[in-house]
Amino acid sequence: MTSIVDESIVSDFVAESRDHLNAIEPDLLTMEQGGAELSKDLLNRVFRAIHSIKGGAGFLAFESLKSLSHVMESVLMLVRDGRLRVDPELMDAVFAGMDRLRAMLDDIQASDRVPCGQELERFKAILEDQGLDQGAQVKGRSRDAAGRRREFDLNMESVKSALAHGMNLFHATAFLRRDIKDKGITPLAFLNNALTVGQCLDAYIDLLEVADLVTCLQQDLPVTLLFGSVLEPDLAAMALGLPAEQVVMLDMKALRRQLKAAPEAVPVAIAEPAAAVEEPAGDAPEAGAKAARGGDNGPETLRVRVDLLTGLMNQAGELVLSRNQLLRALDGHSKDIPGLAAILQNISQVTSELQEGIMQTRMQPIGTVFNRFPRIIRDMARQLGKQIDIEIKGAEVELDKSIVELLTDPLTHIIRNCADHAIEMPDERRKLKKNPAGQLLLHAYHQGGQVIIAITDDGRGIDPKKVLAKAIAKGIVHDAQAKEMTEREIVNLVFAPGFSTADSVSDISGRGVGMDVVRSNTEKLGGHVELETQTGVGTTVLLRLPLTLAIIPSMIVGVGADRFAIPQVNVVEFVWVRAADVARRIERVHGAEVLRLRSRILPLVRLADVLGIPRTFRDPASGEFAPDRRGELVDRRAEPAAERGQDRRQDWRSDYNIVVLKLGPNQFGVVVDELFDIEEIVVKPLSEFVQTCKSFSGATIMGDGRVIMILDAGGLVVQARLHFADLMAEEKLRVEEERRQAALAASRRRSVIVCAGAPGEHFAIPQDQVMRLEKIRTEDIQMVGDRPFVDYRGQGLPLIRLDRLLEVNPLPAGLKEVFVVIPKVLERGVVCQAKAGIVISDIIDALDVEVELEPVKVKGPGILGSAILQHNLTLFLDPQELLRAEGLMGVNA
Amino acid sequence: MTTSKPPLAAIRKGEVLRLKPQVDLVASTVEVQRGTMMKAMETRQSAVVLDLGAVEQIDSLGITLVLGLFKTCQKTGASFAIEGVRPDIMRVFRLFNLPKFFSILEA
C-alpha cells in the first residue's frame, strides 16, 4: 500500500510526526512533575499528538508504528480521562514508547523491523490492569458519541498538505448497503480503492442515524468521507464508484481563506456543506481556544526541503559574488552611463537583502537541541539515583541549521558528563550544604557577533591537581611545562586528545569523557570551547560559535601577491609597527619572535613562513617584489646614520602590519605584507584534496573573480607550533627577573652626602634624609648638661656627636668651624621642624653612587654598612636611627 | 454457514456481558447474531464487550450490526468496547473512524 503513496506524503508524515514528538516531550516531563494537577490542555495536546501519529501510520499502513501509537493513545486516553494516575513507571513506559516511535520514524520504510514487543507488552499490561475500567471510560465518551460531534476531527496539517499537493477536497457519502454491499465488495475493498484514488483525510458515521439492534439491519447507513484527490469531481465520483451527486467538491478558495485566518482551527463547516448542524455549545470553547492558539502561532509556515534551501543559499552566495564582480567591473563607468549608479545601488541592496533573507530561512532556534536535554537528564537522574534540575535560557537564540545539527553531539557529551560525574549524589550534596538537587543551566546568548552557549553546573568542579597528575601520567604535558601552567590552562587539558579514556573516567571527579570530541566538533564549526571550574562549586563549559557558516565578514590580507581572508570574529586589532620601531617592539622570547603590545606579549607568526610562501619585500626604488633574505623581523645590525635615508630597513614600505588574532583566551600576531578591506565573504567548502590543510577553513571568491583561501586561526597556531603556555611562562619569568633587577638596582643606587669626621674617617648620609646643611662656629656651641646645643633660627638645636654614639674618634679639638647635618624628620607624612644636628668636620661631596654595602665591625646605632667611596672606606649612616638613639625622636616617627 | 457451533457465544461475568461471535460478521450470519445479541441484552449489564477474536471478515451489514449493538448499549446505559480485532478489520474500523466512538483493542 505504501508503494502507491506519494513519497512526499510519507516524508511529510515523518516530519510532522517528529515535530509532534518533539513538541510533546516537554509536556510529558511536565506531566511527570505535575502529578495530580495536570492541565487538560496539556493532556489533550499529548493525546492529540499521538493520535495524529497513529492516524497517519494507519493511513499509510505502517503497522508497527500504528500498533505502538495506538496502545500509547489508549493509555494516554485513560490518563486524560483521569482513569490512570501518572507515576514514574508509567512515564518510563511512555518515554520508552516515544523512543521506539522515533526509531521507527528514523527509517520509516523499515519501521516494521524496529522491535517494539516489549513496549507493547508494557502498555498492554497497563491497560489490562485497568481492566473493566475501560468500559466506564467508553460510557463517558458515549456522550460525544450520541451524535454531537458532527464535524471531522481533522488534523489541519493534513488538510494543508493535501492543498499543497494540489488536491481538491471532496465530501463523499457512501451508503453501506447500496454503495458497498450491493456492489459485491467489502468495506475494506471500498476503502482500499478509495485510497488508490486519493487521500482519505477523515471519515465518520453519523450516530444519530444509527438504529438499535431491533431495526439496524433494515437501514442503509451513510458513511461520510473527507477525501482529497487531484481528480475533478465527476472523475472522482466514478473512481470511487459512487453516484456523482454523492461526491461534492468543497469550496477550495473559502477553505484556503479559512486556513489562513486560523491555521490551527478545525474547519468545522467543511464537514457538512449541505446540512449544517448546529454546533453544541460545549464544544465551542475548545474550538475558540484552538483558534486563539492558531493566532498566537504567528505567520503561516511552510515545510521546505533543506536541500532546496541549501541550493537557494548557494545561489544567493553566487549572486553576491557576481554582484561584487559587477560592481568592480563597472567601477568608474558610472559617469558614462546615466543612471548606472542608482541601478548598481539597487542591485547591490536587493542582493544583500535577498541573501540575508535566505540565510534567515536556515536559522533555527537552539531550543531544538536544548529541548532534548530535560529528557536525557530525567532519564540519567533516574538511573543514577540523583536529583537534577535543568534550566534552559535563550532557547530562542538562532543559529544556522547546520550548526544546530552539529551541536547536538558535543552538547549531549557535556550534559551527560555533567549529570554523571559533576553532580554529586543527593546525600553528598546535603552534607556539603548544597541543594540536594543539582542545578544545571543551559544558557545561550549573543555576544560580539557570536553565539555563546554556557553549560553551568553546581557540582563538584574539576580538581586541577588530579587533571595535571593525569595529564603528566598520560604524557600530554611534561613536568617542566606543568610547573608553568596556570590553573585555567590545567583544567582545559581535559580537552586534550587522549586525555580521557573510558577506563579512567571515575579517577577524575568531574567531567572528562570525550571532551576532545567536544573540542574538535566545536572547532569544526569555527567555534571555540573553554572551561571554567572551581573545585566544590561547579563548572561552566563555554562554547563560542559563529552565527552562520555561510557568509562571514572577513579581513582581507596580502602576503606577496597572494590574498587571504581572516574571519573577523578572530581579529582583535591591527598593529602597525614602523620600520624604525621594529627593534624596540619586537623581541625574542624562548626562541620565538614576540610583539610587545601594551602589557601583553604576543607570539608572532609570519604568514608567509607558515604557508611556505617565499618572503618578499617591495623594493623602495623599483616598487617590484624581491626576495627577502632576512631571517628575523628584528634586524639589529647597526646602520650608519648617514645612509639611513637609503636603507630599506628604515623605509616605510618595510613597516610591519600585524593582525592580532584571538583564539580563546590566547592572542597572537600574524605578520602580513598588506591589509586590505573588511568584506562579507561567501564561504565555499574546501575541496577534499585540500581539506587536510589545517591552516585553511574554506575558500571564497573575491569581487575581481580571484579565489582566495580563508585562514583558520586555530590551524595557524598548530601549523606555526605556537605554545602559548611556554611563551607565557617564559615571559612571566622574564618580567619577574626584570622587576627583581630593578629593585636591586634601586636598592644599590643612592645619592649621598659624603662628609668627614675625625681625620681619616668618612661618613655618607642619604641625601633624601637630609633637610639642611649648616656651617656653625664652634664658639656658638653651648652645653646644657652634657648635651651640646646651638642657636638655630632662634631655637636651641640639640647636636649629636658621632663619637658619643659610635666607635669613632672625636673631631679634632681647636676647629673654629664645624658643619651640622640636619636630618629630615617626617611626622605623619609632613616634614617637621629641625629636631637635631649631626656634627661633622667637613662636607666632602654630594655623590650618586651604586654600591653594595658591606657589614662593618664598628659598633653603634644607625650604621647601614660601609663601602669604598673615592678610595676611602666610608660608613653609611641612617640619621633617623641616630636621632632615635639620642632620644630625640619618637620611636614611631 | 453449515457449522454446528452456535454463531454467537454470550458469557456473563458479573456486570459484564461478553459477546463472542463464532463466525464471520457477514450478510449471511448477521441476522442470527442479531437475534442472539437481542436476547442477551434483555438482561441489564453495566458493560458489553464484543470479542471479535474469531471473526475473520466483516462486511457492510456486519458493521451496521456492530453499530446497532453499540446504539443499544447507549440506550441501556451500558458501556461498550470491542476486543480481539484482526488487523484487516481494525483497518476498516479505523478508516471509518469508529475508535472515536468506543474503544477497540486489536488482537
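Started with a single pair: Asp791(A) stands opposite Gly796(A), which belongs to E30(A). Worth keeping in mind that I'm looking at a predicted model.

Followed that strand outwards. E30 (residues 795–801) of chain A is joined to E29 (residues 787–792) of chain A by 4 bridges, and the two run antiparallel.

Next I looked up the sheet around them. I find 6 strands in an open sheet of chain A, in the order E27-E31-E34-E30-E29-E28, and the pairing is mixed. Which strands stand at the edges? Those are E27 (770–777) and E28 (782–784) of chain A; each has a single partner strand, so one side of each is left without a neighbour in the sheet. I also checked the twist: on average, neighbouring strands of this sheet are turned by 40° against each other, direction ignored. Reminder to self: strands of a sheet pair through backbone hydrogen bonds, either parallel or antiparallel.

Moved on to a helix pair. For H17 (residues 401–422) and H22 (residues 515–524), both of chain A, I noted axes that come within 9 Å and cross at roughly 155°. Angles over 145 degrees count as roughly antiparallel, and H17(A) and H22(A) are therefore roughly antiparallel to each other. The crossing of H17(A) past H22(A) is left-handed.

Then I asked what makes the contact. From H17(A) come Leu406(A), Asp409(A), Pro410(A), His413(A) and Ile414(A). H22(A) brings Val517(A), Val518(A), Asn521(A), Thr522(A) and Lys524(A). Sorted by character, the residues of this H17(A) and H22(A) contact are 5 nonpolar, 3 polar and 2 charged.

Key:
Residues numbered from 1 in each chain as written. Chains lettered and ligands numbered in written order. Predicted model: local features only at pLDDT ≥ 70, side-chain atom pairs only at ≥ 80, totals over all residues. Pairing = 2+ DSSP bridges. Axes fitted to C-alpha atoms, helices over the stretch in contact; angles between N-to-C directions. Parallel < 35°, antiparallel > 145°, perpendicular 65-115°, else oblique. Left-handed = near helix turned anticlockwise from the far one by under 90°. Contact = placed C-beta atoms within 7 Å. Nonpolar A, V, L, I, M, F, W, Y, C, P; charged D, E, K, R; others polar.
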